[in-house]
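Look over the chain shown below before reading on. The report that follows takes up a few loops, some helices and one cavity in turn.

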Amino acid sequence: MDPRAHGSALAGPRAAAWSWPARRHPTRAGTSASARIASPRSARQAGSGTRRLFSVASIGLALTPWRGSAGALWLIAWRVVQGVGGAMLMANSTAILTDAFPTRQRGMALGINQVAARIDWWGNITFAIGLTALLAGVTYGIQPYGGHDMGWTNPKVLGALVGGAAVLAAFLQIERRVGQPMFNLVLFRIRAFSAGNAAVLLSSIARGGMQFMLIIWLQGIWLPLHGYDYVDTPLWAGVYLLPLTIGFLVAGPVSGFLSDRFGARAFATGGLLLVAGSFLGLLLLPMNFSYPAFAALLVLNGVGSGLFSAPNTTAVMNAVPAASRGGASGMRATFMNSGQVLSIGLFFSMMIAGLASSLPSSLRSGLAAHHVPADVTDRVAGLPPVGSLFAAFLGYNRMRNLLGDDTLRGLPPADAQDLTGRQFFPHLIASPFHHGLVIVFTLAIGMSLIAALASLLRGSRYVHVEPAPASARPATTSLTTAGAGATSAAVTAGPTPAGSAAVSSAPAADAATAATAGGNQRAGLD
């Protein structure tokens, strides 16, 4: 893919911009639906099929037979297939583990995991259309349009954003009225569930675009300055980012194990504070940093993410009735994936805005100093900054692609060598990139702190306990609740009203559902 190309729908930056969300869009749209229709037994039966589907898609990606736009279309199509398989696998795995492990072992199981219902047709349709339109608008919004650096004034982008939001508003109204909703909104009356999902969404927005920023930092600036050829930078960027994964892999199971004994709130909240601290540390690093300091901050970020993820997932899944765990798992996964895609659009928009304010002047002065003709200088300086970002992301020698061989042959050999060497472009983009990095990481710090506050407000440990059968109950039993904002409730012997043993599928049972969701629990274990 040529980062200079803008002519076709699948050229250069457009193809690169779609290669990642092509999997995320069906994953987000499908997680809640697949989790909602799956019982624990059917989820286990579907597991082998979804793994095969995901594997076939991965093989298809590896065997790309074409180049250019045809190759880009092939990649995007197989990414969509990956997203369908990933949606089914991601949504049901959490519910299966929650059902398979007792309360005291769920955190450990979910930490390691990191390393039969009627279909709500109208809910599924409106959710898929609304969310896909909204996030497609975000994806196109970071691409140039009509002489602007970004596409937020594009009528199609505005139509997708407004139309997607309107369809999602209709989806919420549908979910309040159908008998078996895909998104059971009654679950949000459980404070542990709503606070945990708010923390997931905010932390996903904070962390979703971070890895892209770090990759561009490494591939476009740091690695070339340290002697790596542009074509080799994608591989080495992955190697140098391994401390992030190591920190997460170590902290995930450990935090899950400890949260089973001491509760999720301290670990999840503390993890988000560590993530915010790592963003601050990255902000203070120079563009040409010392790698040990960079690696230490990556480990800190990975540890913080691991401390948050497993305990928070355990707390969310513990809070819901057994009959609602499939849907709850899909809702949590949807919030996480949606936050990551929103983060990409948000981070790239702010980074492009930061680059647009200073990169053109840096290009003009740098190219003029190397005797590049004025018309070529003006053309290069006027190109959208998004091309420079994706060129760094794809491992291209940006200046060689921008200037072209004809221009380079007309320059003095020393100037041509300097312009296409490993020093010129990294030094040129370093200051504008740092300006954009300050903006996006400051936003990430704010989001992480708000997510930490949401996690802190989840209350004491909250575990839903299914009510005993009527025949096994004493005449009258008092259940005292704590930590979820509920008050004491009384359960009287006799037939159990519909919807009181788990979240009801009938709209008329909302009151009984709320009592069950907020009242049948074991609390105060933190």
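Leu411 sits in the loop that joins α18 (398-409) to α19 (413-420). This is a predicted model, and the values given here are computed from it. Leu411 is buried, with a relative accessible area of 7%, which is under the 20% limit for that label. Which residues does Leu411 touch, not counting residues up to four places away in sequence? They are His370, His371, Val372, Pro373, Ala416 and Leu419. His370 is 41 residues from Leu411 along the chain, and the C-alpha atoms of the two are separated by 8.2 Å.

His371, one of the residues touched by Leu411, is in a loop of its own, between α15 (359-369) and α16 (374-381). Is His371 buried or exposed? His371 has a relative accessible area of 53% and is exposed, since the label applies over 50%. Its backbone is also worth a look: phi of His371 is near 65°, a positive value in a residue that is not glycine. Most residues other than glycine have a negative phi.

Tyr230 is another loop residue, placed between α9 and α10 (233-240). Its relative accessibility is 8%, so Tyr230 counts as buried. Leaving aside neighbours within four places in sequence, Tyr230 is in contact with Gln219 and Pro224, with Gly395, Tyr396 and Asn397, and with Gly421, Arg422, Phe425 and Pro426. Tyr396, one of these contacts, is 166 residues away from Tyr230 in sequence, yet the C-alpha atoms of the two are 5.8 Å apart.

Leu298 belongs to a helix, α13. At 1% relative accessibility, Leu298 counts as buried. Its contacts, leaving aside neighbours within four places in sequence, are Leu214, Tyr240, Leu241, Pro243 and Leu244. Leu241 is 57 residues from Leu298 along the chain, with 7.3 Å between their C-alpha atoms.

The pairs described so far, and one more that is discussed further on, are set out here.

| Pair | Separation along the chain | C-alpha to C-alpha distance |
|---|---|---|
| Leu411 and His370 | 41 residues | 8.2 Å |
| Tyr230 and Tyr396 | 166 residues | 5.8 Å |
| Leu298 and Leu241 | 57 residues | 7.3 Å |
| Gly263 and Arg461 | 198 residues | 5.8 Å |

Gly263 lies in the loop between α11 and α12. With a relative accessible area of 0%, Gly263 is buried. The C-alpha atoms of Gly263 and Arg461 are separated by 5.8 Å, although their positions lie 198 residues apart along the chain.

Both Gly263 and Arg461 also belong to the lining of the largest cavity. How many residues line this cavity? There are 16, and Gly263, Ala264, Ala315, Arg461 and Tyr462 are those nearest its centre. The space in the cavity is about 130 Å³. By type, the lining is made up of five nonpolar, six polar and five charged residues. Helices α11 (242-262) and α13 (291-318) each supply at least two residues of the lining. The most comes from α13, which gives four residues.

Helix α12 covers residues 265-284, 20 residues in total. From its first C-alpha to its last, α12 reaches 29 Å, close to the 28 Å expected at 1.5 Å a residue. Its buried residues include Phe267, Leu272, Val275, Phe279 and Leu283. Among the elements that cover the buried residues of α12 are α8, α9 (210-225), α11, α13 and α20 (424-456).

Helix α8, one of those covering elements, runs over residues 191-208 and has 18 residues. Its end-to-end reach is 25 Å between the first and last C-alpha, close to an expected 26 Å. Of its 18 residues, 13 are buried, so α8 is largely enclosed by the rest of the structure.

The UniProt record, an unreviewed entry, adds an annotation. It marks several stretches as "transmembrane region", including residues 195-218, 238-259, 266-285 and 433-457. In the model, the stretch 238-259 is 95% helix and 0% strand, and its end C-alpha atoms lie 31 Å apart. For residues 433-457 the chain is 96% helix and 0% strand, with 36 Å between the end C-alpha atoms.

Conventions
Residues numbered from 1 in each chain as written. Predicted model: local features only at pLDDT ≥ 70, side-chain atom pairs only at ≥ 80, totals over all residues. Heavy atoms only, no water. Expected span 1.5 Å × (residues − 1). Buried < 20%, exposed > 50% of the residue type's maximum accessible area, 1.4 Å probe, protein only. 1 Å grid on protein atoms, 1.4 Å probe; cavity = no way out; pocket = protein on both sides within 12 Å on 5 of 7 lines; lining within 4 Å. Points joined across faces, edges and corners; volume = space filled by probe spheres on them. Nonpolar A, V, L, I, M, F, W, Y, C, P; charged D, E, K, R; others polar. Contact = heavy atoms within 4.5 Å. UniProt positions renumbered as here; feature names shortened; annotations may be inferred.
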